[in-house]
Structure formats: structure tokens, C-alpha cells
Amino acid sequence: MLEKFDFSKKEKPPQREVFNEDMTSEPKETAEERERLFAEKFIEENEKQHIPEWEDFLKKVDFPLLKNIFSKLLKQCGIPEEKMNFIVPEKIFSREWEIGAGTYWPEFNVITLSKVIEDKGYNPEIKRLRALIHEEIHAMSKSICIGWSPEKGTFKNQQTGFFRSIYKDAKIQSPVYNDPQKGGTSCEFFAVFNEAVTEKITGELTKEYLTQSNWPRNEIEDYEKEIKEHRHYTYGNIVPLINTIIIKMSLRLKIPRETIWNAIKRSYVEGEKFEDQKIIGLFEETFGKGFLDDFSDLLSPIFAGSEDMIKEFKEKYSLGFLSRRECIEAGLYDKDFQSIYDK
């Protein structure tokens, strides 16, 4: 497997690429005009660029430090900083309501954020930081937009990280993706895999930012406790699902968990399409035939019906738990036989 994830000396394209339908590069001026119109419409509808809580918080964020942390991750993936797509404060917007905690819009290359619910738990400022970092990670991952459609208000073929959205009239041939002619106006693939990996990376980079920015130690400790209990995750239990996948692949393939996770991170950053038979074979060797096809079909957790789909998927591929034997083999039981595999 892992020769695919070796560092390459080939010239890397920008992390965000935008093409016309004929695969010629979209003129920069066209993209800038689309972004300008988005900003104008957003401010017209919401009367301002930010709600007070985000306006105040963004002034406190050390964006150079945050960009440096992102640059470090890209460098580990063999991608130079100048190829990074990092959303600057001027292209970040906020409003009372948003889909989830926020959204990265590859069509316009902007981030929109929503009001943070201040409940019990760690500092709401850390919740805002996590939401911002989560969306910046989406923007940092490989983004390819093809064929802007003014009528639909989006691109006909779009990829961000692992996630792909394809309109019915777009052509695609792949051993993994199902026929895009199935119902609806568009088809989406690998939504759960994409969000789970994004959220898992978010946990790592948030902790790194908190540490480097000298955040109060007691608040970092509270945050770390939340991480271990998965109560901070926007997307419910899908990060533990990824943890279980990593552990099972590690045991089956005799590859260290850290190597598996680093390979997944790198493939996410590079925009792996899961069309390579070697990659498909690695997942099928561990979980069985059709695993990636079923994984690609899971609905994003923000949609109704997703919870049942994920539950059925976990049951089909024995991903709802780790057996005691698997935990022992992976060294994931402590001396009192308490499972610590989520840590």
C-alpha cells in the first residue's frame, strides 16, 4: 500500500483548482467576481459581515500562527505553503444560523460561521476556534470545481477532500462511485468519511493552536477531557467510527495505527478519489468487498436518515465495537481492562 503515500518530487498544483466544463482553467477574474457577488448578497441579507460574537472572536485569533500550523501539516504531505488555500479573515462571514457550526463554500472560497451554543462544557471560545479550524481544514484539503452553472448556483462536479458532488448530467466512471443517474438532482459521495477525517484533524490542530498560543492550561485540560469522551464532536459518533476503522486496518494489515492515520490524512489533503484498485483492495482485504462503495453512500450526519444508515453500515462491517481480543492485540486495554481505544 503505502508506496502511494511516499513523498513525491513532482510539481504540486494549487490545493484549490477551478475549471470550466471543458477542463480549461477558469479565469481568475471570473472567480473573483463570483466571490464579490457572494459577499454583497450575504451582507445585503444579513445587514453586516459578522454577528458580534464572531466579530469579537476573530480579532483575537492569531491567523499567522494558525496558517503556520496548517503549513506544517501540508509540508508533511509534500505540499509547499504557496500551494495552500487558507481563508483570510476578510473572506470569513457569520450569521445567527448556519448549516451546522459553519460551512466552507468551495464555489466562492469563503467560510460562513454560525452562533455558538454556550452550554456546559469547555470554554465557548474554544468551540468557536474549533468551528473555524474545521472549516479552514475543508478549505485546505484538495478542492476541484468543474463547470460553474449559474442556473444551479454551483459547480456540476465538485470535490473537497474525499467529498464529491456530481450532478446527474455529469459523466463519471469509477469502480467505487455508484451511477450518478440515480434519483435527485445530484449525487454526493464520501460525506461521512470526509467529515469524520476533517473533525479528527480538527481535534489535533486545535490542541496544537491552544498549546502554541499559551491558552490557560486548565482550559486545555478540560478540552482534552472532552476529546476523550467525544462530547465535542459536531458529527456525533463518526470520529470513533474512523478510529475503529484505523485500528482494524492496523491489525489486519500489520501496519502501525499512526502510519494508517497519516496515510488517511495525506490522501485527504491530496483529494484521493478511491479509484485506485490497490487502495480499494486494502479496504476490502480488511472489511470485505463493497466496503468503500457502501461507505461512499452514507449521508452526511446533518441529514435525516443518516443515523440509521451509519448504524446499518457499522453492523454490516462489525464497526460498532472492538472485541476484547482486538483490544488486547492492539494494546488498547489498560491494566483494569478498561477500553481506551478512543484516546
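These legends accompany a set of close-up views of one predicted model.

**View A. Helix H7, residues 238-253, is largely enclosed by the rest of the structure.** Of its 16 residues, 15 are buried, which is why we can call the helix largely enclosed. Its length also works out nicely: at 1.5 Å a residue, H7 should span 22 Å, and its end C-alpha atoms are 22 Å apart, so the two agree. Look just past the end of the helix for Lys 254, which takes a positive phi of about 60 degrees.

**View B. Phe 291 and Phe 295 touch the most other members of the largest nonpolar core.** That core holds 74 residues. Leaving aside residues up to four places away in sequence, Phe 295 touches Phe 190, Val 192, Phe 193, Leu 241, Ile 242, Ile 245 and Phe 313. Another core lies apart from this one; it has five residues, among them Phe 38, Phe 42, Phe 93 and Val 110.

**View C. Phe 162 and Tyr 268 meet edge-to-face.** The model has 25 aromatic pairs, and this is one to zoom in on. The ring centres of Phe 162 and Tyr 268 are 5.6 Å apart, with 85 degrees between the planes. Phe 162 lies in the loop between strands S6 (154-160) and S7 (163-167), while Tyr 268 belongs to helix H8 (residues 257-270), so the pair ties together parts that are 106 residues apart in sequence. Both Phe 162 and Tyr 268 are buried.

**View D. Phe 193 and Phe 295 form a stacked pair.** Their ring centres are 4.7 Å apart and their planes sit at 20 degrees, so the pair counts as stacked. Because Phe 193 lies in helix H5 (residues 191-212) and Phe 295 in helix H10 (residues 291-297), the pair ties together parts that are 102 residues apart in sequence. Phe 193 counts as buried at 1% relative accessibility, and Phe 295 does so at 0%.

**View E. One aromatic cluster takes in the rings of views C and D.** Phe 162, Tyr 268, Phe 193 and Phe 295 are among its members. You will also find Phe 190, Phe 274, Phe 283, Phe 287, Phe 291, Phe 313 and Tyr 317 in this cluster.

**View F. Charged side chains sit over two tryptophan rings.** The charged end of Arg 34 is placed over the ring of Trp 148, 4.7 Å from its centre. Lys 200 lies over the face of Trp 261, at 5.1 Å from the ring centre.

Methods. Residues numbered from 1 in each chain as written. Predicted model: local features only at pLDDT ≥ 70, side-chain atom pairs only at ≥ 80, totals over all residues. Heavy atoms only, no water. Helix = DSSP H or I, 4+ residues; strand = E, 2+ residues; numbered from the N terminus. Expected span 1.5 Å × (residues − 1). Buried < 20%, exposed > 50% of the residue type's maximum accessible area, 1.4 Å probe, protein only. Core = buried A, V, L, I, M, F, W, Y, C linked by side-chain atoms within 4.5 Å. Contact = heavy atoms within 4.5 Å. Phe/Tyr/Trp six-rings, centres within 6.5 Å; stacked < 30°, edge-to-face > 60°. Lys NZ or Arg CZ within 6 Å of the ring centre and 35° of its normal.
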